[in-house]
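Me: I should like to learn how to read the interior of a protein model. Could you guide me through one example?

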Amino acid sequence: MENGAPAWKFRGNRGLSAATVITVRGVLSELKANLNADDGRTVVPLGHGDPSAFPCFRTTPVAEDAVVDALRSGKFNCYGPTVGILPARRAIADYLSCDLPYKLSPDDVNLTLGCKQAIEAILTVLACPGANILLPRPGFPAYDAFAKHNHLETRYFDLLPDKGWEVDLKGVEDLADESTVAMVIINPGNPCGSVYSYQHLKKVAETARKLGIMVIADEVYGHLAFGDTPFVPMGVFGSIAPVLTLGSISKRWIVPGWRLGWLVTNDPNGFLKDTGVFKSLKGFLDISSDPPTFIQGAVPHILEKTNDDFFSKIICILREAAEICYEKIQDIPCVTCPKKPEGGMFVMVKLNLSLLEGIKDDQEFCLKLAKEESVIVLPGIAVGMKNWLRITFAIDISSLEDGLERIKAFYGRHAKK
């Protein structure tokens with residue numbers, strides 16, 4: 001004790017502080033802090049996949065009315081079951097079953113507080129002593145953060161840019177050992193904008209079966225496919241290897257703030273029950289927070305009554321924006337796009353530092369871009385690819401074009417003479 005002050009015994013968990021460094025929001029916060037307050041131009045947000053702020057991406061009135069009706073009904077002011085209310089789980093089971101060769105039961109569906117809680121749930125369940133999990137590179141850093149927090153070892157397999165960002169399946173086999181429990185795939189891809197073919201997904205399932213591991217299929221961008229390759233849910237191959245599907249209404253309905261996600265077992269052979277994974281998931285949900293009950297109450301109406309015109313409109317906007325983004329990137333010499341995006345809301349571009357003066361890596365590029373041009377782009381290091389950039393095209397067209405023109409101007413000032 002000094003000057004009468006007690007010797008406090010509590011301390012913050014440094015592991016949590018370290019984990020936030022590798023999240024998208026953590027990196028974007030650092031970039032936003034570097035903006036020039038004297039720049040009168042509007043900030044162009046090309047770093048974050050939340051298009052809900054732009055009027056062209058407003059959700060359907062069907063969804064809004066469903067939430068209002070659920071709230072005003074007075075039926076959903078209560079606590080719900082930890083796995084979610086039955087009507088919502090049944091509606092999600094029916095919604096997902098439309099694309100599967102078998103029918104899901106409401107008992108296969110667990111509702112979560114957004115897709116991120118679904119990630120937290122399954123990684124917590126799998127974090128047995130000595131276990132490791134295979135993650136894609138590039139990928140979504142929330143997987144890394146939750147794995148590290150749970151002391152679950154991470155190993156990284158490559159996505160191959162010259163093959164449309166397909167999974168390096170040989171690399172997966174080389175990484176796996178007796179302690180490997182699962183592999184993660186994100187389809188449609190964040191951050192790559194890829195959409196995997198039926199044939200490739202089948203090979204993923206066959207590889208998982210050979211290795212004796214499950215597939216965690218992150219399909220939060222499910223059905224947001226606008227290229228030549230149609231979206232195929234990984235659950236189609238649940239009879240080959242057990243699949244845990246993660247999804248939400250956040251992206252397809254453009255409502256990320258509603259925080260309604262799901263974790264679904266696609267396991268017609270019952271392996272997840274036999275190994276205790278299913279029971280452990282229930283145990284996690286028993287001690288964690290639930291999505292708002294009135295949002296759950298709105299889910300059946302949202303899923304059943306949203307018409308195809310709304311989905312078609314969103315797909316058309318994304319297709320046009322992706323095309324513009326891809327074409328304008330060709331005019332910026334210091335970045336190269338290996339593959340035109342076919343789905344999701346992002347594209348990965350390679351940064352050629354040899355053409356730039358005074359910029360040592362992708363982080364410095366993004367920091368200076370924010371300060372000089374008020375444009376936010378995510379450095380590739382945040383998603384596991386140093387000296388790459390992740391750019392979102394899910395904003396209104398005029399802002400997208402403005403942001404890419406500013407990046408071109410930034411290159412002009414920093415190009416090697």
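Me: Which residues have the most contacts inside the largest nonpolar core?

Reply: A nonpolar core is a set of buried nonpolar residues joined through their side chains. In this predicted model, the largest such core has 143 residues, and I122 and F365 have the most contacts inside it. Helix α12, spanning residues 308–329, gives the most to this core, with 11 residues.

Me: Where does this core lie with respect to domain 1 and domain 2?

Reply: The core lies between them, because residues come from both domain 1 (19–58 + 309–414) and domain 2 (62–305).

Me: Which residues does F365 touch, leaving aside those up to four places away in sequence?

Reply: F365 touches C334, L351, L356, I359, L389, I407 and F410.

Me: How many disulfides does the model contain?

Reply: A disulfide requires two cysteine sulfur atoms within 2.5 Å. By this rule the count is zero.

Me: Why does C366 form no such bond?

Reply: The closest cysteine sulfur to that of C366 belongs to C334 and is 11 Å away, which is too far for a bond. C366 is buried, with a relative accessible area of 0%.

Me: Is C56 buried or exposed?

Reply: C56 is partly exposed, with a relative accessible area of 26%. Its sulfur is 12 Å from the closest cysteine sulfur, in C316, and therefore too far for a bond.

Me: What does UniProt list for residues 42–407?

Reply: An unreviewed UniProt entry lists "domain: Aminotransferase class I/classII large" there. Over residues 42–407 the chain is 38% helix and 17% strand, and the end C-alpha atoms are 14 Å apart.

Terms used
Residues numbered from 1 in each chain as written. Predicted model: local features only at pLDDT ≥ 70, side-chain atom pairs only at ≥ 80, totals over all residues. Heavy atoms only, no water. Core = buried A, V, L, I, M, F, W, Y, C linked by side-chain atoms within 4.5 Å. Buried < 20%, exposed > 50% of the residue type's maximum accessible area, 1.4 Å probe, protein only. Helix = DSSP H or I, 4+ residues; strand = E, 2+ residues; numbered from the N terminus. Domains from an automatic or database assignment. Contact = heavy atoms within 4.5 Å. UniProt positions renumbered as here; feature names shortened; annotations may be inferred.
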